[in-house]
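Colleague: Before we go through the packing in this model, could you show me what we are looking at?

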Amino acid sequence: MQPRNMSMSGVVDLAAVKAAQEAKAKAEQARAEAARQGGGPGAVSPADLVIDVDEAGFEQDVLQRSTEVPVVIDFWAEWCQPCKQLSPVLERLAVEYNGRFLLAKIDVDANQMLMQQFGVQGIPAVFAVVAGQALPLFQGAADETQIRQTLDQLVQVAEQRFGLTGLAVDPSAAPGAERAAAPAAPAGPHDALLEAAVQALDAGDFGGAVQAYKNVLNDDPANSEAKLGLAQAELLQRVQGLDPQRVREEAAGKPSDVPAQIAAADLDLVGGHVEDAFGRLIDTVRRTFGDDRDAVRVRLLELFEVVGADDPRVVAARRSLARALF
């Protein structure tokens with residue numbers, strides 16, 4: 001029952017190539033075995049996204065589930081006042097993120113061994129386990145913006161490095177909801193939609209391409225071709241009609257102007273200056289706070305999608321982004 005393969009050095013170290021390859025292989029093996037034994041996990045209720053875990057159930061409820069979905073662990077206690085503020089936020093976000101992570105709540109008073117094994121020095125303390133790998137997220141009080149940033153990065157790493165796209169959630173399975181009697185509709189004609197998107201791109205109809213890719217993702221959220229195509233189409237749509245000279249002059253004259261830096265980064269990427277685009281936005285992250293910082297971070301993640309998760313420039317930029325954020 002002891003947590004295995006624990007790496008407490010954070011999200012960036014978690015994504016180190018060797019550890020990632022080993023953990024990804026284990027996750028894929030576990031999913032394949034589950035499929036052989038009965039088809040793997042089905043859709044879950046939103047209420048099932050938050051679970052109470054004890055020492056006896058840790059192996060199954062956390063370690064095994066972490067091969068399907070990132071598991072966020074909330075170490076708490078009844079007497080802990082900051083826990084009473086943090087835990088409801090985490091529970092609400094677990095439902096809002098719609099299966100992209102599972103929240104496991106561990107009462108430290110009843111599970112002292114787990115507390116010691118994770119090296120918890122004080123509560124509230126929040127960890128994550130991804131494909132059997134454990135890492136600390138944060139300790140003590142944190143505002144919702146910081147929590148969202150941490151969760152977004154966790155989900156991104158889990159998907160890109162380990163292929164964990166989360167759990168399917170059935171809203172009709174929520175308490176008080178009636179289950180639909182009819183079977184789910186079959187997947188749409190993805191090949192035709194992808195072809196329509198390519199044709200729209202060739203014709204310069206970027207809005208049409210964006211909609212076509214979104215139609216595919218509505219039916220198949222994990223479709224990698226549609227994800228990449230959508231990121232590219234949205235980028236081309238954003239830069240359409242921009243005056244490059246004016247955008248670059250504004251960015252040079254206003255280094256703290258977030259929209260100006262974002263627009264310039266888009267142009268950098270379209271022009272093939274990938275590292276310049278990434279560096280510009282990472283520098284802007286360092287200079288900004290709150291909503292401005294979050295807007296820059298989100299745009300940078302979108303540009304990562306355009307270039308591709310395995311590109312060395314993306315890998316290096318992710319490390320730089322993590323240092324800028326934390």
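Colleague: Which residues of α4 are buried, and against which elements do they pack?

Modeller: This is a predicted model, and in it C83, L86, S87, V89, L90, L93 and A94 of helix α4 are buried. The buried residues of α4 pack against β1 (50-52), β2, β3, β4, β5 (133-139) and α6 (144-162).

Colleague: What should the 16 residues of α4 span, and how far apart are its end C-alpha atoms?

Modeller: At 1.5 Å a residue, taken over one less than the number of residues, the expected span of α4 is 22 Å. The computed separation of the end C-alpha atoms agrees with that expectation, being 24 Å.

Colleague: Which residue just after α4 takes a positive phi, and of about how many degrees?

Modeller: The helix α4 covers residues 81-96, and the residue in question comes just after it. That residue is N98, with a phi of about 55 degrees.

Colleague: What is the handedness of the crossover from β2 to β3?

Modeller: Strand β2 (residues 71-76) and strand β3 (residues 102-107) run parallel and are joined by 6 bridges, with D74 standing opposite K105 in β3. Between β2 and β3 the chain passes through helix α4, and this β-α-β crossover is right-handed.

Colleague: How does β2 run relative to β4, parallel or antiparallel, and which residue is the bridge partner of I73 there?

Modeller: Between β2 and β4 there are 5 bridges, and these two strands run antiparallel. Within β4, the bridge partner of I73 is F127.

Colleague: How many of the residues of strand β2 are buried?

Modeller: On one side of β2 point V71, I73 and F75, on the other V72, D74 and W76, and all of these are buried. The strand is therefore largely enclosed by the rest of the structure, the count of buried residues being 6 of the 6.

Colleague: Which element gives the most residues to the largest nonpolar core?

Modeller: That core has 30 residues, and those with the most contacts inside it are F58, V62, I73, F75, F118, V120 and I123. The elements that contribute two or more residues to this core are α3, β2, β3, α5 and β4. With 4 residues, the element that gives the most is β2.

Colleague: Leaving aside neighbours within four places in sequence, which residues are in contact with I123?

Modeller: I123 is one of the residues with the most contacts inside the largest core, although the list asked for here is not confined to that core. With neighbours within four places in sequence left aside, the contacts of I123 are F75, W76, A77, W79, C80, C83 and V108.

Colleague: Why is the pair of F58 and F118 described as edge-to-face?

Modeller: A search of the whole structure gives 6 aromatic pairs. The ring centres of F58 and F118 are 5.8 Å apart and the planes stand at 75 degrees, which is over 60, so this pair is edge-to-face. The pair links distant parts of the chain, with F58 in helix α3 (residues 58-64) and F118 in the loop between α5 (112-117) and β4 (125-130), a separation of 60 residues.

Colleague: Are F58 and F118 buried or exposed, and which residues do ring pairs link with them into a cluster?

Modeller: F58 and F118 are both buried. The cluster linked by ring pairs consists of F58, F118, F75 and F127.

Colleague: Does T284 count as buried or exposed?

Modeller: T284 lies in helix α12 (residues 274-287) and, leaving aside neighbours within four places in sequence, is in contact with V258, Q261 and V296. The relative accessibility of T284 is 1%, so T284 counts as buried.

Key:
Residues are numbered from 1 along each chain as its sequence is written. This is a predicted model: local features need pLDDT of at least 70, side-chain atom pairs count only at pLDDT 80 or more; totals for chains, interfaces and linings use all residues. Side-chain values use heavy atoms; hydrogens and water are left out. Buried means under 20% relative accessible area, exposed over 50%, partly exposed in between (1.4 Å probe, protein chains only). Contact means heavy atoms within 4.5 Å. Rings of Phe, Tyr and Trp (its six-membered ring) pair if their centres lie within 6.5 Å; planes under 30 degrees apart count as stacked, over 60 as edge-to-face and the rest as tilted. Two strands pair if DSSP finds at least two bridges between them. A crossover is right-handed if, with the strands pointing away from the viewer, the path from the first strand over the helix to the second runs clockwise. A nonpolar core is a set of buried Ala, Val, Leu, Ile, Met, Phe, Trp, Tyr and Cys residues joined through side-chain atoms within 4.5 Å.
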